[in-house]
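Student: I would like to go through the terms used for this model and see what each one rests on.
Tutor: Then each term will be set against its definition.

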Amino acid sequence: METVNLIVNGSAFSGEVEGRKLLSDFLREDLRCTGTHVGCDTGQCGACVVHVGGKAVKSCSMFAWEADGMEVATIEGMADEESLGDIQQAFQDSHALQCGFCTPGMVMSAAALLDENPNPTDAEIRDYLEGNLCRCTGYHNIVKAIRSVAERRASAGAA
Amino acid sequence: MYDFEFARPTTVSEAASALAAEGAQALGGGQTLIPSLKNRLASPSLLVILAGIDEMRGVDIDAGDSVVVGGATTHAEVASAAADSFPALAWLAGNIGDPAVRNRGTVGGSLANNDPSACYPAAALATGATIATNNRKISADDYFKGMFESALYEGELITKVRFPIPDAANYQKFEQPASRFALVGVFVARFGQEARVAVTGASENGAFRWAEAEAALSADFSSGAISDLSISADEMIRDLHGSSTYRAHLTKVLTARAVDAAS
């Protein structure tokens with residue numbers, strides 16, 4: 001067992017974790033943060049995207065103890081108790097999900113994109129979502145949702 | 001996956017000592033190795049994580065003529081740090097996999113694995129890069145030994161890679177959309193009159209330099225200079241994504257595009 005200390009959505013966690021445990025399994029099984037989905041478990045589909053140290057990563061393709069000492073953000077940290085986060089709300093408003101399986105990863109990738117590039121073009125949004133696969137709605141409404149967040153944040157910032 | 005022990009060195013010498021153990025394996029960003037462990041294609045008894053070795057991280061622009069990248073530096077870091085000094089290398093790094101993969105995958109991991117369709121081997125060969133390990137320096141021309149084979153000894157570690165900055169360069173990648181590896185990728189670099197052309201994704205022997213194209217382009221650096229050339233499909237990769245003939249065809253098309261874009 002390895003000792004890990006990390007901060008998940010602002011809460012400190014300290015404990016023992018088996019060396020071979022993936023970050024995705026650690027989040028879901030040990031912390032019961034089951035919003036992080038495991039789709040392909042091979043690093044292709046992006047359903048398991050979380051932020052580690054502020055960067056989007058595939059949590060199925062890193063070990064939990066590699067996040068030792070880091071801050072981890074998951075989909076559970078995107079909403080407060082009262083309301084959805086603005087990206088989640090935009091996904092609902094734009095009907096950017098159908099079955100919802102890919103949505104946690106989509107939202108976490110979108111959040112990372114908007115941190116890096118607050119005003120992306122549609123092409124930049126599509127490019128950034130290259131590692132997030134949706135098999136229901138197609139990507140059009142997802143792109144629309146992310147664009148609407150960028151626009152809303154820009155007008156809120158300008159006001 | 002099978003269980004294993006971990007070592008977390010903070011210096012190259014600690015890492016080298018750990019890697020001397022029987023069954024030890026270095027772990028860079030894990031974007032190839034972790035899926036391989038899941039499939040039990042690899043079963044090391046000890047994983048040596050390189051991410052905590054500060055001397056193996058970061059990008060330096062050395063004397064304005066080389067980009068020196070630490071072996072444990074991620075693709076995302078290269079894409080951002082080399083954008084002004086060596087845009088073709090930055091573009092290559094910024095188009096590997098997807099953003100989440102680029103935040104984990106490392107230059108050293110890519111070169112050590114030497115996937116026949118990886119992007120970095122093309123940049124290393126085309127620029128005449130030097131691959132520094134914990135005990136020697138290897139020129140790119142001596143480094144690549146075939147599919148998933150390199151000149152690295154067991155337990156040897158890529159600490160830094162020095163990419164000379166060409167006078168003109170471009171990388172063209174025809175992407176295999178499912179894996180996001182190169183179906184074929186061609187890196188063209190020109191240093192003065194000397195042109196170098198390196199091809200990845202095409203050959204069963206891994207990345208290679210296309211000597212005939214280099215000779216033609218060193219005499220005349222224009223896409224027209226290679227219009228009469230053709231490259232043999234013998235020993236080219238063939239799979240469900242493309243035949244060997246198709247890959248040979250792509251090699252020439254992408255070389256011409258790279259020359260046009262670099263001119």
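Tutor: A salt bridge here is a side-chain nitrogen of Lys or Arg within 4 Å of a carboxyl oxygen of Asp or Glu. Keep in mind that the model is predicted.

Student: What makes the pair B:Asp3 and A:Arg20 a salt bridge?
Tutor: The N to O distance between the side chains of B:Asp3 and A:Arg20 is 3.9 Å. The cut-off is 4 Å, so the pair counts.

Student: How many salt bridges are there between chain B and chain A?
Tutor: The count is 6. The contact takes 27 residues from chain B and 26 residues from chain A, and the two chains bury about 2200 Å² between them, 52% of it on carbon and sulfur atoms.

Student: Why is α3(A) called oblique to α5(A)?
Tutor: The axes of α3 (residues 103-116) and α5 (residues 140-158) of chain A cross at roughly 40 degrees and come within 11 Å. Angles under 35 degrees count as roughly parallel and 65 to 115 as roughly perpendicular; the angle falls in neither range, so α3(A) is oblique to α5(A). The crossing is right-handed.

Student: What classes of residue make the contact of α3(A) with α5(A)?
Tutor: The residues divide into 8 nonpolar, no polar and 1 charged. Arg counts as charged, so A:Arg153 of α5(A) is the charged one.

Student: Why is α2(A) oblique to α3(A)?
Tutor: Helix α2 (residues 86-93) of chain A packs on α3(A) at about 125 degrees, with the axes 10 Å apart. Roughly perpendicular covers 65 to 115 and roughly antiparallel is over 145, so α2(A) is oblique to α3(A).

Methods
Residues numbered from 1 in each chain as written. Chains lettered and ligands numbered in written order. Predicted model: local features only at pLDDT ≥ 70, side-chain atom pairs only at ≥ 80, totals over all residues. Heavy atoms only, no water. Axes fitted to C-alpha atoms, helices over the stretch in contact; angles between N-to-C directions. Helix = DSSP H or I, 4+ residues; strand = E, 2+ residues; numbered from the N terminus. Left-handed = near helix turned anticlockwise from the far one by under 90°. Contact = heavy atoms within 4.5 Å. Buried area = accessible area lost by both parts, 1.4 Å probe.
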